[in-house]
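Hello,

Here is the structure I promised to pass on to you. Please open it next to this message and follow along as you read.

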Amino acid sequence: MGIVAGLDSSSTFTRIVVCDTDTGAVLRQGYAPHPPSAGEPVPGETDAQAWLLSLGEAAGGGLLEGVQAIGVSARRGLLALDAQGGLVAPALVGNDRRGQVAAADLVEALGGKSAWTAAVGSVPHPAQPIVKLAWLARTDPEAARRVAVLMSPHDWLVWQLLGRPARRTTDRADASGTGYWSAATGSYRPDLVELALGHQALLPEVLGPCEAAGMTPEGLLISAGTGETTAAVLGLGLGPGDAVVSLGATGSVMAVHHEVVSEPNGMITSLADAGGMHLPVVNTSNAVRTLRGTADMLGTDLEGLSALALKSTPGAHGLVLLPYLDGERTPNLPHAAGTLSGLRRDSMKPEHLARAAVEGMLCGLVDALDVLRHRGVGIRRVFLLGAAAELPAVQAAAPGLFGTQVVVPAPADYAALGAARQAAWALGVQQGALAPHTPPVWPAPSAQVFEPGEDFAAWQAVRQQYVTTREQLHPGAF
């Protein structure tokens, strides 16, 4: 038996889990919020040094005693360093809308969306490091001229834990989200860095899933680390045939697949996963914000909205809500607005509007899931994540609309667990106890499982009603 730790540096806190290498059992946990200086007084910017303060607090009290290896996960972002290893600007994180013009300029400069998908499997968008880099070059040329090294938040934390060595590393998953590394070729595109920044910069060495980034002077192994999303996928123990539908304000659909999946118009972002396979992702602009907006209109909260929706029936008495409240990314309708159709006197009731909101949100995510299905990604079950996944109305509708088994995992720190599982893998390979292509098998998380029922045909009719309405209002959207 060994002991490993997984560290997740999220947007507001650091969480650490200490696990048994054989069983994955959580032995102890640590938590600390990021200090106030780590907030984002300027949206999209944060103080990376505060991550270290939070990490130190979370690891206090002997939490890491006996730990042999640590894995690190962190949110996506960009840290631009000078030649001495100092930050030339605050860490740039999140889906910062300030980068929209820079993203559009990058798309045009390379010759369009299809050129980008061919190059790196994705089209530039504000959450990507390459767009943040181009934005920095545009808004602070002096700082941009001093940029010598590029790192992601997880890369930087690993580098700090190892004592800032000359060697800098990352993993396939985080590299594939930068916009200047291709999951298809497994290589960087330095020319795209120069396109964004104006000059070349040093890029971290890309490690395989079970490789170690290094050893601390105390003999503690540090695994490759990965991004927060891909760590959570590893923590959930997902494999081919599994998809994740994440219900945040916006939505995302991703599936573990054995090969790169791309789409010329950029609806799919071709990521690598943290387990040696691939993770094609489709994003939507509207998910839980659709439910919150409807709840506000009806003078209730999400739980109240769910209760109202359950008083209606599948199809919401003919009401169809296209949930494009903030425009939409999938399909590409950036200037669209939400549309409520099918209004009749007998359908103009709160419960039918609540039901239409739930069905509209889920059907928008089914559209995203179908983008993957139509590119050959087989999906046998969907893992539904986010607080809205616990709503009874969502759980009632999801299996029939997705057309597959739906799994709602119990709340847990899956990113930290995935980082710990990666650490156990790297440790096992180093010790000769695990094969390089097989992560340790840990028990599946406890979960609620929902199957399509006898009303499956009715739910598919709801889905078809949504598709018909979408095609009438936005012909050729897909």
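**A sheet and the helix on it**

Gly 77 stands opposite Val 93 in strand S7. Keep in mind from here on that this is a predicted model. The two strands in question, S6 and S7 (residues 91–93), pair in the antiparallel sense over two bridges. They belong to an open sheet of four strands, which run in the order S4-S7-S6-S8 with antiparallel pairing. At the edges are S4 (45–46) and S8, each of which pairs on one side only. Helix H6 packs on this sheet, where it touches S6 and S8, and its direction makes about 50 degrees with that of S6. As background, strands of a sheet pair through backbone hydrogen bonds, either parallel or antiparallel.

**Spaces inside and outside**

How many cavities of 30 Å³ or more are there? The count comes to seven, and the largest of them has a volume of about 80 Å³. This largest cavity is lined by 15 residues, and the closest to its centre are Met 151, Ser 152, Asp 155, Thr 178 and Tyr 180. Two strands of the sheet turn up again here: S6 (77–81) and S8 (149–151) each supply at least two residues of the lining, as does helix H7 (172–176). By class, the lining has nine nonpolar, four polar and two charged residues.

There are open spaces to look at too. The second largest pocket holds about 270 Å³ of space. Of the 19 residues that line this pocket, Gly 235, Leu 417, Pro 443, Ala 444 and Pro 445 lie nearest its centre. Helix H9 (228–236) and helix H14 (414–431) are the elements that give two or more residues to its lining. That lining is made up of 13 nonpolar, five polar and one charged residues.

**Two residues and their contacts**

Is Ser 252 buried or exposed? Ser 252 counts as buried because its relative accessibility is 12%, and the cut-off for buried is under 20%. You will find Ser 252 in strand S17 (residues 251–255). Not counting residues up to four places away in sequence, Ser 252 touches Val 244, Val 245, Ser 246, Val 281, Val 282, Asn 283 and Leu 365.

Next, try Ala 137 in helix H4 (residues 129–139). Leaving aside neighbours within four places in sequence, Ala 137 is in contact with Ala 144, Ala 196 and Leu 197. Ala 137 and Leu 197 are 60 residues apart along the chain, yet their C-alpha atoms are separated by 5.6 Å.

**Some backbone details**

Most residues other than glycine have a negative phi, and most peptide bonds are trans. With that in mind, here are some places to visit.

- Arg 164 is not a glycine, but has a positive phi of about 55 degrees. Arg 164 sits in the loop between helix H6 (153–161) and strand S9 (169–171), and is partly exposed, with a relative accessible area of 37%.
- His 317 also has a positive phi, near 55 degrees. The loop that holds His 317 runs between helix H11 (302–309) and strand S20. With a relative accessible area of 40%, His 317 is partly exposed.
- Thr 330 and Pro 331 are joined by a cis peptide bond, with omega about 0 degrees. Pro 331 lies in the loop between strand S20 (320–322) and strand S21 (339–341).

Enjoy exploring, and write back with any questions.

Best wishes

How values were computed
Residues are numbered from 1 along each chain as its sequence is written. This is a predicted model: local features need pLDDT of at least 70, side-chain atom pairs count only at pLDDT 80 or more; totals for chains, interfaces and linings use all residues. Side-chain values use heavy atoms; hydrogens and water are left out. On a 1 Å grid over the protein atoms alone, a cavity is a set of points where a 1.4 Å probe fits but cannot get out, and a pocket is an open set with protein on both sides within 12 Å along at least five of seven lines; lining residues have an atom within 4 Å of a point. Grid points are joined across faces, edges and corners, and a volume is the space filled by probe spheres set on the points. Ala, Val, Leu, Ile, Met, Phe, Trp, Tyr, Cys and Pro count as nonpolar, Asp, Glu, Lys and Arg as charged, and the others, Gly among them, as polar. Buried means under 20% relative accessible area, exposed over 50%, partly exposed in between (1.4 Å probe, protein chains only). Contact means heavy atoms within 4.5 Å. Two strands pair if DSSP finds at least two bridges between them. Axes are lines fitted to C-alpha atoms, for helices over the stretch in contact, and angles run from 0 to 180 degrees between N-to-C directions.
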